[in-house]
Amino acid sequence: MTVPVLDVRHLSVQFKTESGLLQAVRNVSFQVPRGQTLGIVGESGSGKSVTALTVMDLVPNPPGEVTAGEIFFRPDEETPAVNLRSLSPATMQKLRGDQISMIFQEPMSSLNPVYTCGFQLTEAILQHQEIAPAAATDQAISLLQEVKLLDRDNELAAIIAQEHPKWEQTQILAAVKQRQQEMLNRYPHELSGGQLQRVMIAMAIACDPTLLIADEPTTALDVTVQARILDLLRELRDHRGMGMIFITHDLGIIAEIADQVAVMYQGEIVEYGSVWEIFSNPQHPYTKGLLACRPMPHQRLRQLPTVADFMEVLPDATGTPQIREKPQDAVGVLAYQTVITAEESAARLATITEQGPLLKVENLQVGYPVRGVLGNTQRYVMAVNNVSFEVFQGETFGLVGESGCGKTTLARALLRLAPAMGGHIWFNGQDALRLKGAALKQLRRELQYIFQDPFSALDPRMSVGAAIAEPLKIHKVARSRRNRQERVAYLLERVGLDPDCVSRFPHEFSGGQRQRICIARALALNPQFIICDESVSALDVSVQAQVLNLLKELQAEFKLTYIFISHDLAVVKFMSDRIMVMNQGQLEELGPADRIYFEPQEEYTQRLIQAIPIGNLERIQELQAARQSKVAS
């Protein structure tokens, strides 16, 4: 049997809080074999990241404290295992970043915005290796090539030679060095999310670590970029023989990268086994719930199952919470009742499109000025370029595409939050781009917006009751204080929150609860039309299922029309009647949701669909076969 790189035994971690001791990790044990990946999956607050930070000795003390357990690390088979908990801070600091590295969830906050990416990468190399700065720079370039952020020297030389056919070899080599240096000289804000994550991966592998910990490294990325990062991590693991811990809340991603899986719930590992065992025969009700609540684009469901459909948490005689599995027949009935036939889906779409459009967009153009040194506008970058579509009453119109394709700019233009350079926006027969004063205010009452990040969308100094009541005051609806309080209480109850929480502040709620508050605020004025802009992308898959189900229920109850924006085609497919695919500011493809997914016409749409982490047994088998074939060759 392969000697494990990491062997964690009976680990427990607690935090001191104002309300007492919080047990973040309880009696956790696992192993990471060399050249394999352990996937740790669970919801926010399950203890995944605390476990990883404990391995790295990065849990702040106080308030955190490791109360029990041992962490054995063995860099190679000839070296005896060492207990990381017994090492001095200085020894651990030398080990961290050298033999044990970590990729954090948010690359923008992990990189220093005032230093270039090249400086930060070479700094990480010089910290652990006694080499000259020039050699560190060469190594940094090589690492950026390995993570595919830079072309290899010969590939880049071939590109430059094609661009400048008359150049001599010395000129081409000088241009290669210049372009490599240009990449090193870029600051974090000049790179996309996927590029920044590649820089973080390059820093993590700079000293050829034995163990790599990746904490939610793809959560904020587009599905296509996510697929490329997963491919890269698999390739680096196999090429370098690293052990890897991959942390996520999405079992679909786990299927793409893991060999072994540990499912965590409330600080404990509730299920542990091979990726095949977990997906083919899950034993714990929490694991079953996580697998079921992910939107699967090949299914047609009225509602998504949630974790609560599979289990309930009840206190025992001593008051300790105990998990109890719900009867399987109840879950089976739920799944059967939520299936929508293709005929039903087609009939609904036909009924919706019989009437005239509620929103009609014609040849819309939105551009951002690029200014020169003197502040004069030199040209425009077209974020939305000549886009036309219609949205019908009661429809959910899906808008999908990668980051930077113009989705959010288009949505903001509909509300007049981004100025249009050309085209028309007709809402209820009115030209929205010509409205002013009271007419524009009325438009914004009918058109509401649910933003991606609920925490930044809510004023931290304002109670949730005041936040929901604010639109009522601005538009002079429910004029008396009592009427506003009744309306706020009703809305909170309708989105599944306790009306007694009106005096609490945003930081006192979870991410899913904050998004429900934002939904309640959007509903306050009884709008006809709501734009949901990546409104579930930052949520755990289990919470995401609850919010998606809620949006569908509210649509039926309040006769709402949605534009649902996401980079995740699986989520858009579940929610939408029709889908529009955008690419680089232009309309790439538009049609019924089933047709877009099952019969995509454009290559770009096909790539989006292929990048969805399905996480089924066929995909696991395919990845395992490909890996075995690669090893054999």
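Is F451 buried, exposed or partly exposed? Keep that in mind while going through these points; the model is a predicted one.

1. Let's start with the answer. F451 is partly exposed, since its relative accessible area is 33% and that class covers whatever falls between under 20% (buried) and over 50% (exposed).

2. Now the aromatic pairs. Searching the whole structure turns up six of them. One pair is F427 with F529: the ring centres sit 6.0 Å apart and the planes make 75 degrees, so it goes down as edge-to-face. It ties together distant parts of the chain, with F427 in strand β16 (residues 422-427) and F529 in strand β19 (residues 529-533), 102 residues apart. F427 is buried, at a relative accessible area of 3%, and F529 is buried too, at 0%.

3. Back to F451, whose ring pairs with that of Y449. Here the centres are 4.4 Å apart and the planes are at 25 degrees, so this pair is stacked. Y449 has 9% relative accessibility and therefore counts as buried, whereas F451, at 33%, is partly exposed.

4. Next, have a look at the nonpolar interior. As a rule, nonpolar side chains in soluble globular proteins tend to be buried together. In this model the largest nonpolar core has 79 residues, and the ones touching the most other members are F279, I519, L551, L554 and F564. Helix α21 (residues 541-558) supplies the largest share of this core, with nine residues.

5. I519 is a handy place to zoom in. Setting aside neighbours within four places in sequence, I519 is in contact with I450, V495, V547, L550, L551 and L554. Apart from the core that I519 belongs to, there is another one of 38 residues, including I125, L149, L191 and L196.

6. On the surface, check V114, Y115 and F119. Together they make a nonpolar patch with about 300 Å² of accessible area. F119 is part of helix α4 (residues 117-128), and its relative accessible area of 38% makes it partly exposed.

7. Last, a residue in a loop: H475 lies between α18 (464-474) and α19 (481-494). Why does H475 count as buried? Because its relative accessibility is 19%, and the cut-off for buried is under 20%. Not counting residues up to four places away in sequence, H475 touches K441, R445 and L525. If you want a distance to check in the viewer, the C-alpha atoms of H475 and L359 are 22 Å apart, with their positions 116 residues apart along the chain.

Terms used
Residues numbered from 1 in each chain as written. Predicted model: local features only at pLDDT ≥ 70, side-chain atom pairs only at ≥ 80, totals over all residues. Heavy atoms only, no water. Helix = DSSP H or I, 4+ residues; strand = E, 2+ residues; numbered from the N terminus. Buried < 20%, exposed > 50% of the residue type's maximum accessible area, 1.4 Å probe, protein only. Contact = heavy atoms within 4.5 Å. Core = buried A, V, L, I, M, F, W, Y, C linked by side-chain atoms within 4.5 Å. Patch = residues over 30% accessible without salt bridge, like charges linked within 9 Å, V, L, I, M, F, W, Y side chains within 5 Å. Areas by Shrake-Rupley, 256 points an atom, 1.4 Å probe, with all protein chains shown as cover. Salt bridge = Lys/Arg side-chain N within 4 Å of Asp/Glu carboxyl O. Phe/Tyr/Trp six-rings, centres within 6.5 Å; stacked < 30°, edge-to-face > 60°.
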